[in-house]
Amino acid sequence: MAHQRFRRFNTGLYYKDHDVKNEMSMAVRAGNLIFLRGQTGFTFEGGFVGHGDAAAQADQAMKNVKVLLEEAGSKMAHICKITTYITDRAYREAVYQVVGRHLGDIAPVGTGLIVNGLALPEMLVEIDIDAVIPDDEA
């Protein structure tokens with residue numbers, strides 16, 4: 001099966017003040033594997049949710065994750081790994097509570113990183129997801 005690419009976009013949509021205009025996809029399905037672009041407070045239309053509010057950004061990111069997984073033929077229960085990037089340790093509790101509400105009892109493996117910054121200064125959190133669709137559901 002060829003790789004399927006979902007929600008192709010040009011990075012210029014999100015990084016208007018930068019000379020970065022790469023063709024990307026929000027999700028790629030390779031067989032039963034699903035890889036998502038790191039999700040932030042950006043909506044699919046290029047708007048931004050949660051200026052100054054890491055929890056609101058995490059909520060938007062997780063809403064995006066659900067939509068992208070479903071468009072790729074997957075679902076939240078298929079999440080295997082989550083990597084959460086935050087720009088300040090103070091955001092950890094609020095962000096992880098939001099992420100936990102979205103994940104419920106899925107219990108993926110996870111890594112949390114505190115980073116000096118993300119692509120834009122208003123971004124306080126970015127969430128990276130890998131999922132695998134079980135053979136009996138593919």
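This section describes the surroundings of Thr-40, an internal cavity and the largest nonpolar core in a predicted model.

Thr-40 is located in the loop that connects strand E3 (33-36) to helix H1 (54-71). Because its relative accessibility is 3%, below the 20% limit for burial, Thr-40 is classed as buried. A polar atom of the Thr-40 side chain lies 3.2 Å from the backbone nitrogen of Phe-42. Beyond residues up to four places away in sequence, Thr-40 contacts Gln-57, Gln-60, Ala-61 and Asn-64, together with Met-123, Val-125 and Glu-126.

Thr-40 also takes part in lining the largest cavity. The structure contains 1 cavity of 30 Å³ or more, and the space within the largest cavity amounts to about 50 Å³. Its lining comprises Tyr-14, Met-26, Arg-37, Gly-38, Gln-39, Thr-40, Phe-42, Thr-43, Phe-44 and Asn-64. By class, 4 of the lining residues are nonpolar, 5 are polar and 1 is charged. Asn-64 and Phe-42 thus recur in the description: Asn-64 is a contact of Thr-40, and both residues belong to the cavity lining.

The largest nonpolar core consists of 35 residues, among which Leu-36, Met-62, Val-65, Leu-69 and Ile-127 have the most contacts inside the core. At least two core residues are supplied by each of strands E1 (4-10), E2 (23-30), E3, E4 (79-86) and E6 (125-132), and by each of helices H1 and H2 (92-103). H1 provides the largest share, with 7 residues. Apart from neighbours within four places in sequence, Ile-127 is in contact with residues including Ala-58, Ala-61, Met-62, Ile-82 and Val-99. The contacts of Ile-127 also include Arg-37, Gly-38 and Gln-39, three residues that line the largest cavity.

How values were computed
Residues numbered from 1 in each chain as written. Predicted model: local features only at pLDDT ≥ 70, side-chain atom pairs only at ≥ 80, totals over all residues. Heavy atoms only, no water. Helix = DSSP H or I, 4+ residues; strand = E, 2+ residues; numbered from the N terminus. Buried < 20%, exposed > 50% of the residue type's maximum accessible area, 1.4 Å probe, protein only. Polar contact = N/O pair within 3.5 Å; in protein donor to acceptor, adjacent residues only side chain to side chain. Contact = heavy atoms within 4.5 Å. 1 Å grid on protein atoms, 1.4 Å probe; cavity = no way out; pocket = protein on both sides within 12 Å on 5 of 7 lines; lining within 4 Å. Points joined across faces, edges and corners; volume = space filled by probe spheres on them. Nonpolar A, V, L, I, M, F, W, Y, C, P; charged D, E, K, R; others polar. Core = buried A, V, L, I, M, F, W, Y, C linked by side-chain atoms within 4.5 Å.
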